[in-house]
Amino acid sequence: MWAIGANDVHYTTGNDNSASFRFTGTGIDFITEKFSDEGQIDVFIDGVFVRTVDATNSTRLAQQVVYSQTWTSAGNHTIRVAKRSGTYMLVDAFRVQGG
């Protein structure tokens, strides 16, 4: 289940829940919060697992780019992020480059 917080932040508390975003561009940034209640997040591009990112931090850091990828030319892509651990996974934004 996904919820929207007071400031339009999308979040989930369920492991294996995911968010996807289709876009056209030369790059993508996944922007989230880092804090002690965040955890591991798996990142997939075009259906292929890319890496696990860590969103934990001892102090709250808002709107952090935790994953970024670029390509040499614009194309159609999908990014999917999936919660693996922690209490929350937040999605502040997906920022498209060269769209």
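# Exercises on a predicted strand structure

Tyr11 is found in strand 2. The model is predicted, and the exercises below work through its ring pairs, salt bridges and core.

## Exercise 1. The surroundings of Tyr11

Task: Classify the ring pair of Tyr11 and Tyr88, and state which parts of the chain the pair ties together.

Solution.

Step 1. The structure holds 6 aromatic pairs. In the pair of Tyr11 and Tyr88, the ring centres are 5.8 Å apart and the planes stand at 75 degrees. Planes over 60 degrees apart count as edge-to-face, so this pair is edge-to-face.

Step 2. Strand 2 covers residues 10–12 and holds Tyr11, while Tyr88 lies in the loop between strand 6 and strand 7. The pair therefore ties together parts that are 77 residues apart in sequence.

Step 3. Tyr11 is partly exposed at 27% relative accessibility, and Tyr88 is partly exposed at 30%.

Step 4. A C-alpha distance also links Tyr11 to a remote part of the sequence: Val91 is 80 residues away along the chain and 6.1 Å away in space.

## Exercise 2. A second ring pair

Task: Decide whether the rings of Phe21 and Phe23 are stacked or edge-to-face, and find which cluster holds them.

Solution.

Step 1. The ring centres of Phe21 and Phe23 are 6.1 Å apart, with planes at 10 degrees. Planes under 30 degrees apart count as stacked, so the pair is stacked.

Step 2. Phe21 is partly exposed, with 29% relative accessibility, whereas Phe23 is buried at 6%.

Step 3. Ring pairs join Phe21 and Phe23 with Phe30, Trp71 and Phe94 in a cluster.

## Exercise 3. Salt bridges across the sequence

Task: For the salt bridges of Arg84 with Asp16, Asp29 with Arg95 and Arg60 with Glu33, give the N to O distance, the location of each partner and its exposure.

Solution.

Step 1. The structure has 4 salt bridges. Between Arg84 and Asp16 the closest N and O atoms are 2.1 Å apart. Arg84 lies in the loop between strand 6 and strand 7, and Asp16 in the loop between strand 2 and strand 3, so the bridge ties together parts 68 residues apart in sequence. Arg84 is partly exposed at 31%, and Asp16 is exposed at 56%.

Step 2. For Asp29 and Arg95 the closest N and O atoms are 3.0 Å apart. Asp29 belongs to strand 3 and Arg95 to strand 8 (residues 93–97), so parts 66 residues apart in sequence are tied together. Asp29 is buried at 6% relative accessibility, while Arg95 is partly exposed at 42%.

Step 3. For Arg60 and Glu33 the closest N and O atoms are 2.6 Å apart. Arg60 is in the loop between strand 5 and strand 6 and Glu33 is in strand 3, so this bridge ties together parts 27 residues apart in sequence. Arg60 is partly exposed at 48%, and Glu33 is buried at 11%.

Step 4. Shared partners join Asp16, Asp42 and Arg84 into one network of salt bridges.

## Exercise 4. A buried charge without a bridge

Task: Locate Asp37, and find which side chain of opposite charge is nearest to Asp37.

Solution.

Step 1. Asp37 sits in the loop between strand 3 and strand 4.

Step 2. Asp37 is buried, and the nearest side chain of opposite charge is Arg60, 4.8 Å away. A salt bridge needs a nitrogen within 4 Å of a carboxyl oxygen, and Asp37 has no salt bridge.

Step 3. Beyond its neighbours within four places in sequence, Asp37 contacts Gly86, Thr87 and Tyr88.

## Exercise 5. Strand 4 and the core

Task: Describe how strand 4 and strand 5 are joined, and place Ile41 in the largest nonpolar core.

Solution.

Step 1. Strand 4 runs antiparallel to strand 5 (residues 48–54), with 6 bridges between them. Val43 stands opposite Arg51 in strand 5. The hairpin has 2 residues between the strands, and Asp46 takes a positive phi near 50 degrees.

Step 2. The largest nonpolar core has 16 residues; Phe30, Ile41, Tyr67, Ile79, Val81 and Phe94 touch the most other members. Strand 3 (18–34), strand 4 (40–45), strand 6 (61–83) and strand 7 (89–91) each supply at least two of the core residues.

Step 3. Not counting residues up to four places away in sequence, Ile41 touches Phe30, Arg51, Thr52, Val53, Ala55, Val81, Ala82 and Met89.

Methods:
Residues numbered from 1 in each chain as written. Predicted model: local features only at pLDDT ≥ 70, side-chain atom pairs only at ≥ 80, totals over all residues. Heavy atoms only, no water. Core = buried A, V, L, I, M, F, W, Y, C linked by side-chain atoms within 4.5 Å. Buried < 20%, exposed > 50% of the residue type's maximum accessible area, 1.4 Å probe, protein only. Helix = DSSP H or I, 4+ residues; strand = E, 2+ residues; numbered from the N terminus. Contact = heavy atoms within 4.5 Å. Lys, Arg positive; Asp, Glu negative; His and termini not counted. Pairing = 2+ DSSP bridges. Phe/Tyr/Trp six-rings, centres within 6.5 Å; stacked < 30°, edge-to-face > 60°.
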